[in-house]
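User: Please take a close look at one strand and its surroundings, and explain the terms as they arise.

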Amino acid sequence: MTKKIAILGSTGSIGTQTLDVIARHPDRFSVVALAAGGRVRELLDQVRRFQPKIVSCARADDAQRLRAELAPATRVVHGAVGLSMAAAESGADVVVAATDGAVAFDAVFASVERGIRIAVANKELIVAAGELLVAAAKRTGAEILPIDSEHSALFQCLVGEPPERIATLILTASGGPFWTLDAEHIRHASLADALRHPTWQMGPKNTVDSASMMNKGLEVIEASRLFGIPAERIEVLVHRTSVAHGLVVFTDGNVKAQLAPPDMRLPIGYALAYPDRLPSGAGGDPLAALGALGAPSARLEFERPDVTRFPCLALAYQAARRGGTVPAALSAANEVAVQAFVAGRILFGEIAEVVSDVLAQTPDELADLENVRRSDSRARDLARNSVEARSAAAAK
Ligand code: MG
């Protein structure tokens, strides 16, 4: 019996790496649905190779093109409804949520309602609606397995541990490409500079978020929601070599850490196979396994992040503390600000300023699904206004 996998966001960085894991273990996994946004050529190649029953894309005209190319046995759907069908109606045992932003909200909720395991790479989803999602999963018995490397690490450290004995969760950060720069250089950093990440290969949104450390801020909120620990007990430590991904300090003073090479296929494989582990061929020789971590693995060095140079981190803690729909606003505002930076409309340093503008205008309210949606779209409008004002001021 193979585990049936549906992948939302199959042509992105996590999606393609998930297919890579599946291709290496055909005896364990099969693909029942693939969903992508606009990269239809790549999607078509994936469909031919992995033979899913359902294929979903964003637009109706792309769906027409796919239908023309594929055998009638493959069901081609599109839009938000298509995405939900691919997730919840494909017979999947595991839905991999690897889209960017808010697009997969409904599809993921529909899957959780059916008790299907979600392997989440889409941290915006957990940040905005994590409390609701975790509550729904408790009710239906759906498991939520993190793909984010830090959260996979924490999950692995927490297996079998009583929640009341957890003192602190530690998320490690590589520090990104700007860790050694001063504030003024960071403010004026170019897109090319921001995309030069020292250790991880990721999509552009994640890479810019890593440079601003908003990625780590979102991860603090993500960890808080997934593990039910308040953000005050979640710390970020900069660990340049990305060997230890997450550590847990227990009340008795013991610390557990998870070490692995910076390769997303490890957390992906763990989330798909849990509670089992996949064979990798690296297990036997202890020195070979440690060698795979890279030469710096012998030195586990950590330092505190500097929130004055990386204000996005402080903004995320503010959102976590305020709770309710504020994290949704933070994430949505950041998405708009990052797009504006990528489009050359604002400076890198203005990403944090746009987000800060939006948080200052965001009310505190309870997080039900309707409020989360409203907070998301209001934050996008406010962020666009802030971007307009800044790019108009810069043009003068
Ligand atoms: Mg991460």
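In E10, which residue is the bridge partner of Leu169?

Analyst: The bridge partner of Leu169 in E10 is Val248. This model is predicted: local features require pLDDT of at least 70 and side-chain atom pairs count only at pLDDT 80 or more, whereas totals for chains, interfaces and linings use all residues. Residues are numbered from 1 along each chain as its sequence is written, and side-chain values use heavy atoms, with hydrogens and water left out.

Leu169 has a partner in another strand as well: in E9, Leu169 stands opposite Ile234. These pairs belong to strand E8, residues 166-173; strands (E, at least two residues) and helices (H or I, at least four) are DSSP runs, numbered from the N terminus. Two strands pair if DSSP finds at least two bridges between them. Five bridges join E8 to strand E10 (residues 244-250), and these two run antiparallel. With strand E9 (residues 234-238), E8 also shares five bridges, but here the strands run parallel.

Why is E8 described as largely enclosed by the rest of the structure? Six of its eight residues are buried, so the strand is largely enclosed. Buried means under 20% relative accessible area, exposed means over 50%, and partly exposed lies in between, with a 1.4 Å probe and protein chains only.

From E10 the pairing continues to strand E11 (residues 255-259), through five bridges between antiparallel strands. Within this pair, Val249 stands opposite Val255. E10 and E11 form a hairpin with four residues between them, and Gly253 in the turn has a positive phi of about 95°.

The wider setting is given by the domains. The chain is divided into domain 1 (3-146), domain 2 (151-290) and domain 3 (323-395), with bounds from an automatic or database domain assignment. The centres of domain 1 and domain 2, taken over C-alpha atoms, are separated by 24 Å. Their contact (heavy atoms within 4.5 Å) takes 29 residues from domain 1 and 31 residues from domain 2.

Elsewhere in the chain, seven strands form an open sheet with parallel pairing, in the order E4-E3-E2-E1-E5-E6-E7. Strand E4 (75-78) and strand E7 (144-146) are its edge strands, each pairing on one side only. Neighbouring strands of this sheet are turned by 25° against each other on average, direction ignored. At the E4 edge, four bridges join E4 to strand E3 (residues 54-57) in parallel, and Ser56 has Val77 as its bridge partner.

A loop after strand E1 deserves attention too. Ser10 lies in the loop between E1 (3-8) and helix H1 (13-24), and Ser10 is buried, with a relative accessible area of 0%. The side chain of Ser10 makes a polar contact with the side chain of Gln46 at 2.7 Å. Not counting residues up to four places away in sequence, the residues that Ser10 touches include Leu19, Leu34 and Leu43. A polar contact is a pair of N or O atoms within 3.5 Å; within protein, one must be able to donate a hydrogen and the other to accept it, and residues adjacent in sequence count only if both atoms are side-chain atoms.

Finally, the magnesium ion is coordinated by Asp148 (OD), Glu150 (OE) and Glu219 (OE), at 2.1 Å. Asp148, in the loop between E7 and helix H7 (149-158), and Glu219, in helix H11 (residues 214-227), are 71 residues apart and link distant parts of the chain. Both Asp148 and Glu219 are buried. Donors are N, O and S atoms within 2.8 Å of the metal (3.2 Å for Na, K and Ca), and sites may look incomplete because water is not among the atoms.

Definitions and conventions
Axes fitted to C-alpha atoms, helices over the stretch in contact; angles between N-to-C directions.
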